[in-house]
Amino acid sequence: MKEEKKPSRKPLIFYYFVALLVWGLFNTLLAPSLFGTRVEEVTYNFLLEQVEAGNVTQVVMENDRYLFSALDESGKEHLYKTGLWPDYSELTEQLREAGVAFGGTIPAKNNPLITTLLSCVISLLPILLLGVFMSNMMKKRMGGAMGNAMSFGKSNAKVYVEAQTGKTFTDVAGQDEAKEALTEIVDFLHNPQKYADIGANLPKGALLVGPPGTGKTLLAKAVAGEAQVPFFSISGSEFVEMFVGMGAAKVRDLFQQAGEKAPCIVFIDEIDTIGKKRESNMGGNDEREQTLNQLLTEMDGFDGRKGVVILAATNRPETLDKALLRPGRFDRRIPVELPDLKGREAILKVHGKNVRLDSTVDFNAIARATSGASGAELANIINEGALRAVRQGRTTVNQSDLEESVEVVIAGYQRKGAVISEHEKQIIAYHEIGHALVAARQTESAPVHKITIIPRTSGALGYTMQVEEGEKVLMTREEGFNKIATLTGGRAAEELIFCSITSGASNDIEQATKMARAMITRYGMSRNFDMMALETVTNPYLGADTTLSCSPDTAAKIDEEVNEMIRSAHEKAIGILKENTDKLHELARYLIEKETITGEEFMEILNG
Ligand code: ADP
Ligand code: MG
Ligand code: ZN
């Protein structure tokens, strides 16, 4: 999975330090040779020869060596150095005869400027290092605020621009409605004049809303790729990390640059982090509100016809400040929902293009087994499958790789080393067959696809996988009730066969309760209440938390009815298993032997 590149933000002091170092190196190593002042070390002999030949033009004695210059055949001057030799007097005579300027110097290195600088750097080094260390510490403590503050300014303007996103609509699968809505924006960016001529105002902003991993960020990039315009992107969380006043300044900066680069796209990811409802009471987050106010001001301030389109993405639209959704701001809302069966198949195909597949691969079957999976999860399934193929030393990915990776994504990796006693293995097998049998003996429930008692890293000791034949968007009361019965089937089998119960049903209990509650409080499938909303969903895209919207009295009645519904489903499950005890034993024995059985094997034993 690719992530956006985060612009690197090193503190200023870091660059200062690097610059000093480079300057020092430049002076000591490069500059002398560049300016022809490289000094060659030679023998004392060579000096005498050169003096005799009359090539020497100047000799300087330093405390531990002679520096001298001599002309070569072509008359070019070279610099040489050599160590001291005790017979000065003779050399002195010769130099005088030859008329060469000579003398000593005050002991110093050949480039005083460099020496000073270098010694400066060296003496400052500990302080510089300390500074870098401390700014890093502060950065960590303040969540990046320090770095942002120090590198803030016009000069780092480029951080937002991602010239070519390299994504197009073909990279996004199964979001046809969203793509259609965005096509108009692409067209507008291609040719703003066409819209201006007729006097049409395109919405300034579009808000992509949907659960995580459905391709919102990807879609925004694809719009920029399709329109081939600059893409200014910033994530809402980046605003919040900053010092007071920085967020607003950054918004101003961002929009100013966007205005200069029009037509272009400004993309604000995770806009909910700055766009949360402003609180009227005291103690709100001032910084965030300032940033939001600045954003609103900027959106109102610039001319929509210029060709700047603002896209934003969020998975918590319910928390957004209403002001953001007013006409002239993010008035167009583009849902990016979890993909349906067709969409899942299309997404698998898009990502399947990047890996080598063999002929056994059936994306439709995988798509059917992954109801509720997001695009990101599907991409992950393909990748996990490819990794498994590599692990097993194969060069192509086959269907069982993909099936295994579906299970990895749902339930985690197999725990091969887990030690489970024979007795517990029996309980687990009967439990799983209990689920499967109840499912198979009811009319309105999805066919069993696979049963396994191999433990997984998620903590699951076994599971029964059911796969719907087609896509379902509605659920009847009967289906809901049967689902609860199936969920209780595991515990029912334990009770019937072992006359005791285990903790293995905890996940079933949770799911059954959730289902029963939803049926009663939200779907109007209760006996006591009519079409009355007893609970409301607060965040539809993130786990769908609910809040009660009824009196405590009613809440108690709801609990009672939930309990009743689960109890009667549980009784139904026990009834089904009592009628099929022979099959229960036969299937459980088979499962203990095989550890994993397919839906076909299951049906074969059940029917014959
Ligand atoms: P979001 O922003 O909605 O949370 P992303 O756009 O970041 O989701 O999606 C993460 C990754 O998942 C993408 O980079 C892509 O690989 C994959 N993905 C998600 N949705 C789709 C899709 N509809 N088609 C193809 N790939 C998708
Ligand atoms: Mg995203
Ligand atoms: Zn169970």
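**Group meeting talk: a loop residue, a ligand and a cavity**

Okay, let's start with Gln228, which you'll find in the loop between α8 and β7, the strand that covers 231-235. Keep in mind as we go that this is a predicted model. Gln228 isn't a glycine, yet its phi is positive, about 50°. Is Gln228 buried or exposed? With a relative accessible area of 59%, it counts as exposed, because the cut-off for that word is over 50%.

There's another residue with that kind of backbone angle, so let's hop along the chain. Cys499 has a positive phi too, near 55°, and again we're looking at a residue other than glycine. Where does Cys499 sit? Its place is the loop that runs between α18 (477-498) and α19 (506-521). Cys499 has a relative accessible area of 68%, so we call this one exposed as well.

Now stay with α18 for a moment, since Thr486 is in that helix. Here the number is 6% relative accessibility, and because buried means under 20%, Thr486 counts as buried. What does the Thr486 side chain touch? It makes a polar contact with the side chain of Gln442, at 3.2 Å.

Right, on to ligand 1. Have a look at it in the viewer if you can. How many residues surround it? There are 16, and the closest ones are Ala173, Gly213, Lys216, Thr217 and His351. Let me walk you through a few of the polar atoms around it. A polar backbone atom of Ala173 is 2.8 Å from a nitrogen atom of the ligand. Gly215 also uses its backbone: one of its N or O atoms lies 3.0 Å from a ligand oxygen. With Lys216 it's the side chain, where an N or O atom is 2.8 Å from an oxygen atom of ligand 1. And how much of the ligand does the protein cover? Taken alone, ligand 1 exposes 560 Å², and the protein buries 87% of that.

Which elements give two or more residues to the shell around ligand 1? Those are α8 (216-227), α13 (341-352) and α15 (375-391). The largest share comes from α8, with three residues. If you sort the shell by class, you get seven nonpolar residues, seven polar ones and two charged ones.

Next up, empty space. The count gives one cavity of 30 Å³ or more. The volume of the largest cavity is about 50 Å³. Who lines it? The lining is made up of Ala365, Ile366, Ala369, Gln399, Glu403, Val406, His449 and Met465. Two helices, α14 (363-369) and α16 (399-411), are the elements that give two or more residues each to that lining. By class, the lining has five nonpolar residues, two polar and one charged.

Let me finish on α16, since Val409 is found in that helix. Is Val409 buried, exposed or something in between? Its relative accessibility is 29%, and because that falls between under 20% for buried and over 50% for exposed, Val409 counts as partly exposed. How far is Val409 from Asn380? The two are 29 residues apart along the chain, and their C-alpha atoms are separated by 8.0 Å.

That's my tour. If you want to try one yourself, go back to Gln228 and find its loop between α8 and β7.

Note on methods
Residues are numbered from 1 along each chain as its sequence is written. Chains are lettered from A and ligands numbered from 1 in the order in which they are written. This is a predicted model: local features need pLDDT of at least 70, side-chain atom pairs count only at pLDDT 80 or more; totals for chains, interfaces and linings use all residues. Side-chain values use heavy atoms; hydrogens and water are left out. On a 1 Å grid over the protein atoms alone, a cavity is a set of points where a 1.4 Å probe fits but cannot get out, and a pocket is an open set with protein on both sides within 12 Å along at least five of seven lines; lining residues have an atom within 4 Å of a point. Grid points are joined across faces, edges and corners, and a volume is the space filled by probe spheres set on the points. Helices (H or I, at least four residues) and strands (E, at least two) are DSSP runs, numbered from the N terminus. Ala, Val, Leu, Ile, Met, Phe, Trp, Tyr, Cys and Pro count as nonpolar, Asp, Glu, Lys and Arg as charged, and the others, Gly among them, as polar. A residue is near a molecule or strand if one of its heavy atoms lies within 4 Å of it. A polar contact is a pair of N or O atoms within 3.5 Å; within protein, one must be able to donate a hydrogen and the other to accept it, and residues adjacent in sequence count only if both atoms are side-chain atoms. Accessible areas come from the Shrake-Rupley method with a 1.4 Å probe; for residues, only the protein chains shown count as cover. Buried means under 20% relative accessible area, exposed over 50%, partly exposed in between (1.4 Å probe, protein chains only).
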